[in-house]
Amino acid sequence: MREIQAIQANDTAIRRAEKIMPGGVSSPVRAFRGVKGNPAFIVKGEGAHIYDIEGKTYIDYVMSFGPLILGHAHPSVTLRLVKQILKGTSYGAPTLHEIELAEHIIEAHPATDWIRFVNSGTEAVMSAIRLARGVTGRDRIVKFDGCYHGHADSLLVKAGSGLATFGIASSAGVPERVARDTSVLPLGDLDAFKQLMDERGEEIAAVIIEGIPANMGLFPQERQFMKELERITRKVGALFILDEVITGFRVGEGGASQYYELSPDLVTFGKVIGGGLPIGAYGGKKEYMEHVAPLGSVYQAGTLSGNPLAIIGGIATLETIKEEPNFYTKLQKRTGRFVGQIEEVFQKYSLPIQTKSIASLFWLVLQPNSAKNPAEIRKSAVKRYANLHFELMKEGIYAPPSAYEVWFLSIAHSDEILELTLRKLERAIENYSVREE
Ligand SMILES: Cc1ncc(COP(=O)(O)O)c(C=O)c1O
């Protein structure tokens, strides 16, 4: 096998990768198609930094799209992983560690009685949907426009014409008959939701929403809206699924469930609960979870599910969070202050910006008016972001490679690192030319 070190430049690496992998990547956004330039090929991560094959250092605001709330290679996580790796990487048999992680999650999520571990957020959501269908004997599911729940067929669906009665596939390869069983509604529109539930409530197995919609911009919802979704969903005999793949242990110990004071029937997790290793989990009320095999008739399994490395990554992460006094408050304050400072930099250069932040995630949209939903993100803002991203990469700031993705902070982003980022941001802005449409 050729040595990875033989590759010196990111452009050589992406050309080599593109010959044998779609877009040269294992997940589309990494290909930088929404921004300019070549993706950086990473060799190392440490704290708030990543290092590429050209020897360049970046301050990382992607943090693997969310899992790394402690930063890269946090010593307490790494040490426990090393200890585990010496004992083997997978057994295909239960371990005490799974109980430990499940207990930790359940303690923070009082509405969740039981948990099942899987390997990704997609798998968690897919399994929760199957469970809801198995429990209710109904097929239809309801999702919200702009929410991403992974790439299972029934969720790669967008609103059809008319009042969102039938969805249409948003990816080739998703059968239209599958897409038709998903209804897609506008975010925050309680009237549209009520109307659908009045008309089709008896067909609906589950209503699913992101804890805090953060996959097409950042759109926290009103508490009242979320609570009404939960109440009405239950009233029609369907299950309310809160997708906490991003928000779980990110917006606080109790995630979005606690933030909105919800008590969902099923919850899905991923990202932070694996501390940067592949994981997902779904859980919920015992009366529903006991329908999962081997107890019940809803089948779901996995060769690597509950993998000891992923579970230990999660335990070490959640324990470290717990040991640090006021972990979430500190991180939230730091993020809020940083976002305010970013706004000031943009204002200094008279550039349009709107920001949103919640806990340790934030989003910048480079337009004068705030976007109330994904449809209000302007093309000009997306174009400006691509230009800025290019300059940020040159300055050594690794920002999300798409205008629609949120930025993540970790506890490793110290005040000094944030200040340095602001100086680099100024230089990037000075260097970039804004091309208005
Ligand atoms: C809210 C939400 N649900 C589900 C998923 C899918 O998770 P995974 O990428 O681990 O399959 C994601 C991924 O970003 C997500 O943000």
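Author: A residue is placed around a molecule if one of its heavy atoms lies within 4 Å of that molecule. The model discussed here is predicted.

Reader: Which residues surround the ligand?

Author: The shell consists of Ser120, Gly121, Thr122, Tyr148, His149, Gly150, Glu210, Asn215, Asp243, Val245, Ile246 and Lys271. Sorted by class, three of these residues are nonpolar, six are polar and three are charged.

Reader: What makes Tyr count as nonpolar and Gly as polar in such a tally?

Author: The classes are fixed by a list, in which Tyr stands with the nonpolar residues and Gly with the polar ones.

Reader: What polar atoms lie opposite the oxygen atoms of the ligand at glycine 121 and asparagine 215?

Author: At glycine 121, a polar backbone atom is 2.9 Å from a ligand oxygen. At asparagine 215, an N or O atom of the side chain is 2.8 Å from a ligand oxygen. A nitrogen atom of the ligand, in turn, is 2.7 Å from an N or O atom in the side chain of aspartate 243. The cut-off for a polar contact is 3.5 Å between N or O atoms, so each of these pairs qualifies. Of the 390 Å² that the ligand exposes when taken alone, the protein buries 82%.

Reader: Why is aspartate 265 called buried?

Author: Its relative accessibility is 1%, and buried means under 20%; aspartate 265 therefore counts as buried. This residue is found in the loop between helix 8 (255-260) and strand 11 (266-269). The side chain of aspartate 265 reaches the backbone nitrogen of phenylalanine 240 at 2.7 Å. Beyond four places in sequence, the contacts of aspartate 265 include Arg234, Leu239, Gly283 and Tyr288.

Reader: Why is asparagine 326 classed as exposed, and why is alanine 359 classed as buried?

Author: Exposed means over 50%, and asparagine 326, at 56% relative accessibility, therefore counts as exposed. Alanine 359 has 9% relative accessibility and so counts as buried, the limit being 20%. Asparagine 326 occupies the loop between helix 10 and helix 11, and its phi is positive, about 50°, although it is not a glycine. Alanine 359 lies in the loop between strand 13 (354-358) and strand 14 (361-365); its phi is also positive, near 50°.

Reader: Why is glutamate 203 called partly exposed?

Author: Its relative accessible area is 32%, which falls between the 20% and 50% limits, so glutamate 203 is partly exposed. Glutamate 203 lies in the loop between helix 6 (190-200) and strand 9 (204-210).

Reader: What makes the pair of glutamate 203 and arginine 140 a polar contact?

Author: Their side chains come to 3.0 Å, and the limit for a polar contact is 3.5 Å. The two residues are 63 places apart in sequence, yet their C-alpha atoms are 5.8 Å apart in space.

Reader: How do you know that the span of helix 13 agrees with expectation?

Author: The expected span is 1.5 Å times one less than the number of residues. For the 17 residues of helix 13 (residues 415-431) this gives 24 Å, and the end C-alpha atoms are 25 Å apart, so the two values agree. The buried residues of helix 13 are Ile417, Leu418, Thr421, Leu422, Lys424, Leu425, Ala428 and Ile429. Among the elements that cover them are strand 2 (49-52), helix 11 (327-348) and helix 12 (379-395).

Notes. Residues numbered from 1 in each chain as written. Predicted model: local features only at pLDDT ≥ 70, side-chain atom pairs only at ≥ 80, totals over all residues. Heavy atoms only, no water. Helix = DSSP H or I, 4+ residues; strand = E, 2+ residues; numbered from the N terminus. Buried < 20%, exposed > 50% of the residue type's maximum accessible area, 1.4 Å probe, protein only. Contact = heavy atoms within 4.5 Å. Polar contact = N/O pair within 3.5 Å; in protein donor to acceptor, adjacent residues only side chain to side chain. Areas by Shrake-Rupley, 256 points an atom, 1.4 Å probe, with all protein chains shown as cover.
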